[in-house]
Amino acid sequence: MNTLDAILSRRSIRQYTPKPVSREMIREILHGAMSAPSAGNERPWHFIIMTDRALLNEIPKFHPYSAMLKQASVAILVCGDVNLEKHKGYWALDCAAATENMLLAIHAKGLGAVWCGVYPTEDRVANLQKLLKLPVHIIPFSLIPVGFPAEAKQAGDRFDESRVHENQW
Ligand SMILES: Cc1cc2nc3c(=O)[nH]c(=O)nc-3n(C[C@H](O)[C@H](O)[C@H](O)COP(=O)(O)O)c2cc1C
């Protein structure tokens, strides 16, 4: 799959088969994530691989749009480390770039995933910090359940000419 095909055909996948995702695949996905651009190349991220069923099942109790975690055998929590930030305020943008890279790598490997929003919703951040015993400088940013797709989604065309401007508004 070439890069543009991957970008155009990726869709959020929220249903997964029980087939486990190998550690090798997770490593390749994280390799993609860590290749994302970041402000001043600060790379302020950490990734927590979550496989503990009890922990995964706790999250939908405080995150209303994460029920698919109950079905996923693995999820990756993207976290920002504010101590690694060189350019104030950019850590979240860097983590967003890493998250999107991850979603594309997952799709390119024939797996499915969805971006579950964490930051900047304060109660989700606080609950995940508590659940996973994160140090205060580690901010959970996005949570990505990963699995073999148990649903197929059509890639609709979202190009919108009315959002394109040239030189001036
Ligand atoms: C910042 C952000 C937060 C999101 N949070 C959730 C979420 O909590 N739960 C969920 O099921 N989907 C979530 N999504 C996925 C969006 O619903 C999805 O990307 C959007 O509907 C477009 O569909 P697509 O990903 O299939 O193109 C989130 C996406 C982004 C970018």
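Where is the place of Asn-167? This residue is in the segment after strand 5, and point 6 returns to its backbone. The notes below concern a predicted model.

1. Ligand surroundings. Twelve residues need naming together here: the ligand is surrounded by Arg-10, Arg-11, Ser-12, Arg-14, His-63, Tyr-65, Met-68, Val-114, Trp-115, Cys-116, Gly-117 and Arg-158. Sorted by class, this shell consists of five nonpolar, three polar and four charged residues.

2. Polar contacts of the ligand. The side chain of Ser-12 places an N or O atom 2.5 Å from an oxygen atom of the ligand. Arg-14 also approaches a ligand oxygen atom, with a polar side-chain atom at 2.7 Å. Tyr-65 contributes through its backbone: one of its N or O atoms there lies 2.8 Å from a nitrogen atom of the ligand. The ligand taken alone exposes 620 Å², of which the protein buries 62%.

3. Nonpolar core. In soluble globular proteins, nonpolar side chains tend to be buried together. The largest nonpolar core in this model has 47 residues, and Phe-47, Met-102, Leu-143 and Val-146 are those with the most contacts inside it. Two or more residues are given to this core by each of helix 2 (23-33), strand 1 (45-50), strand 2 (74-81), helix 4 (91-108), helix 5 (122-131) and strand 5 (138-147). Helix 4 supplies the largest share, seven residues.

4. Phe-47 within the core. Apart from neighbours within four places in sequence, the contacts of Phe-47 are Leu-30, Ala-33, Met-34, Ile-76, Leu-77, Val-78, Ala-98 and Met-102. One of these, Met-102, is itself listed with Phe-47 among the residues with the most contacts inside the core.

5. Cis peptide bond. Most residues other than glycine have a negative phi, and most peptide bonds are trans. The bond that joins Tyr-119 and Pro-120, however, is cis, with omega about 10°. Pro-120 is found in the loop between strand 4 (116-117) and helix 5.

6. Positive phi values. Two residues other than glycine deserve a check of their backbone. Arg-43, in the loop between helix 2 and strand 1, has a positive phi near 40°. Its relative accessible area is 43%, so Arg-43 is classed as partly exposed. For Asn-167, in the segment after strand 5, phi is positive and near 65°. Asn-167 has a relative accessible area of 81% and is therefore exposed, the cut-off for that class being over 50%.

Notes:
Residues are numbered from 1 along each chain as its sequence is written. This is a predicted model: local features need pLDDT of at least 70, side-chain atom pairs count only at pLDDT 80 or more; totals for chains, interfaces and linings use all residues. Side-chain values use heavy atoms; hydrogens and water are left out. A residue is near a molecule or strand if one of its heavy atoms lies within 4 Å of it. A polar contact is a pair of N or O atoms within 3.5 Å; within protein, one must be able to donate a hydrogen and the other to accept it, and residues adjacent in sequence count only if both atoms are side-chain atoms. Accessible areas come from the Shrake-Rupley method with a 1.4 Å probe; for residues, only the protein chains shown count as cover. Ala, Val, Leu, Ile, Met, Phe, Trp, Tyr, Cys and Pro count as nonpolar, Asp, Glu, Lys and Arg as charged, and the others, Gly among them, as polar. A nonpolar core is a set of buried Ala, Val, Leu, Ile, Met, Phe, Trp, Tyr and Cys residues joined through side-chain atoms within 4.5 Å. Buried means under 20% relative accessible area, exposed over 50%, partly exposed in between (1.4 Å probe, protein chains only). Helices (H or I, at least four residues) and strands (E, at least two) are DSSP runs, numbered from the N terminus. Contact means heavy atoms within 4.5 Å.
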